[in-house]
Amino acid sequence: MKLLLTSGGVTNPSIREALVDLLGKPIAESTALCIPTAQYGHPWVGPGVKAWEFISGKAQNPMVDLGWKSVGVLELTALPSIDEERWVPLVRETDVLLVAGGDALYLCHWMRESGLVDLLPSLSETVWVGLSAGSMVMTPRIGADFVGWTPPTGDDSTLGLVDFSICPHLAPDGMPGNPMAAAERWAARIGVPAYAMDDQTAITVVDGAVEVVSEGHWRHFPA
């Protein structure tokens with residue numbers, strides 16, 4: 001897959017331009033499926049109002065409301081109960097998956113349980129746009145600081161489709177989010193290369209090539 005891993009969504013022109021480059025065509029000509037699943041596992045988010053805001057494009061994080069040709073919903077918790085022929089063709093045909101934030105371990109669990117993770121290697125032209133937990137799920141692990149919902153494995157490992165971890169929502173001291181000092185402590189324990197990034201920053205990954213796209217602040221932590 002082509003990955004656009006964001007902290008706060010498509011929040012500025014640079015990230016939007018990166019998205020269009022990954023799509024290879026305008027957003028208005030591209031189809032999308034939004035995945036709200038991560039929200040249900042996070043105590044501060046959903047289910048309820050926040051999930052509806054994400055799906056309806058009324059959330060503060062620009063993703064669903066970018067002007068897509070069409071937008072559908074792919075709810076991972078429902079997929080194990082329906083036949084694959086009802087949803088797999090839909091995923092294969094869509095241009096982009098818009099993956100909400102919330103709890104990364106809950107999302108990871110349902111990506112595996114639903115069978116979506118097994119489909120990912122065949123989606124070579126599909127763009128994965130992650131928001132916070134929707135980005136962190138692609139990393140090797142999230143770190144103890146971000147563990148909320150506890151998976152059956154009991155650890156903080158995620159999919160490992162990229163070789164670095166992400167600390168999202170980097171913010172100046174005293175502002176909502178994660179201060180740099182907290183990100184430094186997190187990075188010191190994570191055991192892999194890592195990025196801390198604010199909501200004006202994203203990371204693209206295409207064929208293993210990693211590029212930071214930012215109009216804000218970020219920091220790379222070598223392993």
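Valine 73 counts as partly exposed in this predicted model, because its relative accessibility comes to 42%. This valine is part of strand β3. Along the sequence, valine 73 and leucine 22 are separated by 51 residues, and in space their C-alpha atoms sit 21 Å apart.

Valine 45 makes a nice companion case. Valine 45 belongs to the loop that runs between α2 (37-40) and α3 (49-56). With 23% relative accessibility, valine 45 is again in the partly exposed class, since that class begins where the buried one, under 20%, ends. Valine 45 and aspartate 103 are 58 residues apart in sequence, yet the distance between their C-alpha atoms is 9.0 Å. Aspartate 103 also turns up in a pairing with glycine 134: here the separation is 31 residues in sequence and 8.4 Å in space, C-alpha to C-alpha. Glycine 134 is found in helix α7, and its relative accessibility of 0% puts it in the buried class.

Next comes helix α8, which spans residues 180-190. Which of its residues are buried? They are Ala182, Ala183, Trp186, Ala187 and Ile190. These five lie on the same side of α8, because the arc they cover around the axis is only 135 degrees. Turn to the face pointing away from that buried side, and the exposed residues Ala188 and Arg189 appear.

Helix α8 also takes part in salt bridges. As a bit of background, side chains of opposite charge can pair when their charged atoms come close. The model has 5 salt bridges in total. One of them joins the side chains of arginine 189 and aspartate 145, with 3.0 Å from N to O. This pair ties together distant parts of the chain: arginine 189 comes from helix α8, while aspartate 145 comes from the loop between α7 (133-136) and β6 (165-167), 44 residues apart. Arginine 189 is one of the exposed residues on the outer face just described, whereas aspartate 145 is partly exposed at 45% relative accessible area.

A salt bridge also forms between the side chains of arginine 219 and glutamate 184, with an N to O distance of 2.6 Å. Once more the link is between distant parts of the chain, as arginine 219 lies in strand β10 (residues 218-221) and glutamate 184 in helix α8, 35 residues apart. How buried or exposed are the two partners? Arginine 219 is partly exposed, with a relative accessible area of 34%, and glutamate 184 is partly exposed too, with 35%.

Away from α8, the side chains of lysine 2 and glutamate 125 meet in a salt bridge of 3.3 Å, N to O. Here the chain is bridged between strand β1 (residues 2-6), which holds lysine 2, and the loop between α6 (116-119) and β5 (127-131), which holds glutamate 125; the two are 123 residues apart. The partners sit in contrasting settings: lysine 2 is buried, with a relative accessible area of 18%, while glutamate 125 counts as exposed at 57%.

Some charged residues gather on the surface instead. Asp83, Glu84, Glu85 and Asp118 form a patch of negative charge there. Glutamate 84 sits in the loop between β3 (70-73) and α4 (88-93). Its relative accessible area is 53%, so glutamate 84 counts as exposed, given that exposed means over 50%.

Finally, the backbone has a couple of curious spots. Serine 132 has a phi near 55 degrees, which is a positive value in a residue other than glycine. Serine 132 lies in the loop between β5 and α7, and with a relative accessible area of 11% this serine is buried. Histidine 169 likewise has a positive phi, of about 60 degrees, although it is not a glycine. Its place is the loop between β6 and α8. Is histidine 169 buried or partly exposed? Histidine 169 counts as partly exposed, because its relative accessibility is 25%.

Methods: Residues numbered from 1 in each chain as written. Predicted model: local features only at pLDDT ≥ 70, side-chain atom pairs only at ≥ 80, totals over all residues. Heavy atoms only, no water. Patch = residues over 30% accessible without salt bridge, like charges linked within 9 Å, V, L, I, M, F, W, Y side chains within 5 Å. Areas by Shrake-Rupley, 256 points an atom, 1.4 Å probe, with all protein chains shown as cover. Salt bridge = Lys/Arg side-chain N within 4 Å of Asp/Glu carboxyl O. Lys, Arg positive; Asp, Glu negative; His and termini not counted. Charge placed at Lys NZ, Arg CZ, Asp CG, Glu CD. Helix = DSSP H or I, 4+ residues; strand = E, 2+ residues; numbered from the N terminus. Buried < 20%, exposed > 50% of the residue type's maximum accessible area, 1.4 Å probe, protein only. Arc of directions from axis to C-beta.
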